[in-house]
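Trainee: Hey, have you got a few minutes to go through a structure with me? I'd like to learn how to read one.
Mentor: Sure, let's bring it up and talk it through.

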Amino acid sequence: YTEYRNPTTYLDNRMVNGIYGELAICLIYILLAAAWIFNLIKNSQSKNELHYYITAIILLFTFSHILRFFELRQMDKTDNTKYYTNFRIFFNFLCGTFTFFFFLVCSEGFCILVDTIPKQRIIMSVIVSMLLNGSLYFTFYYNFSENYVKIVFLDLVFLIFYGYELFQATKRANAQIAALLLSDTDQAGIKNKKYIDFQRILIVILIVLISLLILSNISFLIPCWVNELF
């Protein structure tokens, strides 16, 4: 039996500072969650179903980062993470899937242009979100040295599938906007502005996500903990 470790830690030296970085992220998420919930309670009369989705996303990410912090603390002392890793990956999967689903639902104009979405469309959105997120996590956590081309191809297929669903949802929402503008009501202009703001936010977030994916592919150029902090 051979044990490999550093003199003062079981962690890779490039990840030691990651404990403090993860602690900072945890504190930021806890403050964000507290501020969001306080704001939600304060404006309880104007909340809608989308606000509950956002609350779930923030809380899931908060719990995921807390698990990651304790996982790194444990990995600093021993190679046995006591299930922290498995639970963290599971919650990360939930976070990503729920976020992808949230963008599909928002692209429909839910709670902005329409009050309900057909159940079959919701089920399809959940399946598409799980497939895309699952393929990405498969890429991150699977040793794919011999199957690199196959897994990247799988990522591209599900990314195109998700993009198609996103495009169709946006197309349906734009049709709703056109109908509202033709009705020439005061609410039509407000709803149109809200949806346009959402589209701009979505574009920014997608650019950030693509940038982070590119960063993860060149992470060997920078310390591991800096990459994880981003």
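**Chatting through the helices and rings**

Mentor: Let's start with one residue: Phe198 is buried, with a relative accessible area of 10%. Keep in mind that this is a predicted model.

Trainee: Okay. Why does Phe198 count as buried?
Mentor: Because buried means under 20% relative accessible area, and Phe198 has 10%.

Trainee: Which helix is Phe198 in, and where is Tyr195?
Mentor: Both sit in helix H6, which covers residues 186-217. They are three residues apart, and that is about one turn of the helix.

Trainee: And Tyr195, is that buried or exposed?
Mentor: Tyr195 is buried, with a relative accessibility of 0%.

Trainee: Let's talk about rings. How many aromatic pairs are there in the whole structure?
Mentor: The search finds 12 aromatic pairs. One of them is Phe69 with Phe70, an edge-to-face pair with 5.4 Å centre to centre and 65° between the planes.

Trainee: Why is that one called edge-to-face?
Mentor: Because planes over 60 degrees apart count as edge-to-face, and the planes of Phe69 and Phe70 are 65° apart.

Trainee: Are those two buried or exposed?
Mentor: Phe69 is buried, at 12% relative accessibility. Phe70 is partly exposed, at 39%.

Trainee: What about Tyr195 and Phe198, what kind of pair do they form?
Mentor: Tyr195 and Phe198 form a tilted pair, with 5.8 Å centre to centre and 40° between the planes.

Trainee: Which residues make up an aromatic cluster?
Mentor: Tyr53, Phe98 and Phe101 form one.

Trainee: Switching topic. How many helices and strands does the protein have?
Mentor: Seven helices and zero strands. Going along the sequence, the pattern reads α-α-α-α-α-α-α.

Trainee: Pick one for me. What is helix H1 like?
Mentor: Helix H1 runs over residues 18-42, so that's 25 residues. From its first C-alpha to its last, H1 reaches 36 Å, close to the 36 Å expected at 1.5 Å a residue.

Trainee: Which residues of H1 are buried?
Mentor: The buried residues of H1 are Gly18, Ile19, Gly21, Glu22, Ile25, Cys26, Ala33 and Leu40.

Trainee: And what covers them?
Mentor: The cover on the buried residues of H1 includes helix H2 (49-77) and helix H7 (224-229).

Trainee: Now the outside. Which residues form a nonpolar patch on the surface?
Mentor: That patch is made of Val204, Leu206, Val208, Leu209, Leu212 and Phe230, with about 510 Å² of accessible area together. Leu212 lies in helix H6, and Leu212 is partly exposed, at 33% relative accessible area.

Trainee: Any loop residue I should look at? What's up with Cys111?
Mentor: Phi of Cys111 is near 70°, a positive value in a residue other than glycine. Cys111 sits in the loop between helix H3 (84-107) and helix H4 (119-141), and it is partly exposed, at 24% relative accessible area.

Trainee: Last bit, the overall picture. What box do the C-alpha atoms fill?
Mentor: Roughly 75 × 45 × 30 Å, taken along the principal axes. Buried residues make up 33% of the 230 residues.

Trainee: How much area does the protein expose?
Mentor: About 14,900 Å², and carbon and sulfur atoms supply 67% of that.

Trainee: And what about contacts along the sequence?
Mentor: Among contacts between residues at least 6 apart in sequence, 72% join residues at least 24 apart.

Definitions and conventions: Residues numbered from 1 in each chain as written. Predicted model: local features only at pLDDT ≥ 70, side-chain atom pairs only at ≥ 80, totals over all residues. Heavy atoms only, no water. Phe/Tyr/Trp six-rings, centres within 6.5 Å; stacked < 30°, edge-to-face > 60°. Buried < 20%, exposed > 50% of the residue type's maximum accessible area, 1.4 Å probe, protein only. Helix = DSSP H or I, 4+ residues; strand = E, 2+ residues; numbered from the N terminus. Patch = residues over 30% accessible without salt bridge, like charges linked within 9 Å, V, L, I, M, F, W, Y side chains within 5 Å. Areas by Shrake-Rupley, 256 points an atom, 1.4 Å probe, with all protein chains shown as cover. Salt bridge = Lys/Arg side-chain N within 4 Å of Asp/Glu carboxyl O. Expected span 1.5 Å × (residues − 1). Contact = heavy atoms within 4.5 Å.
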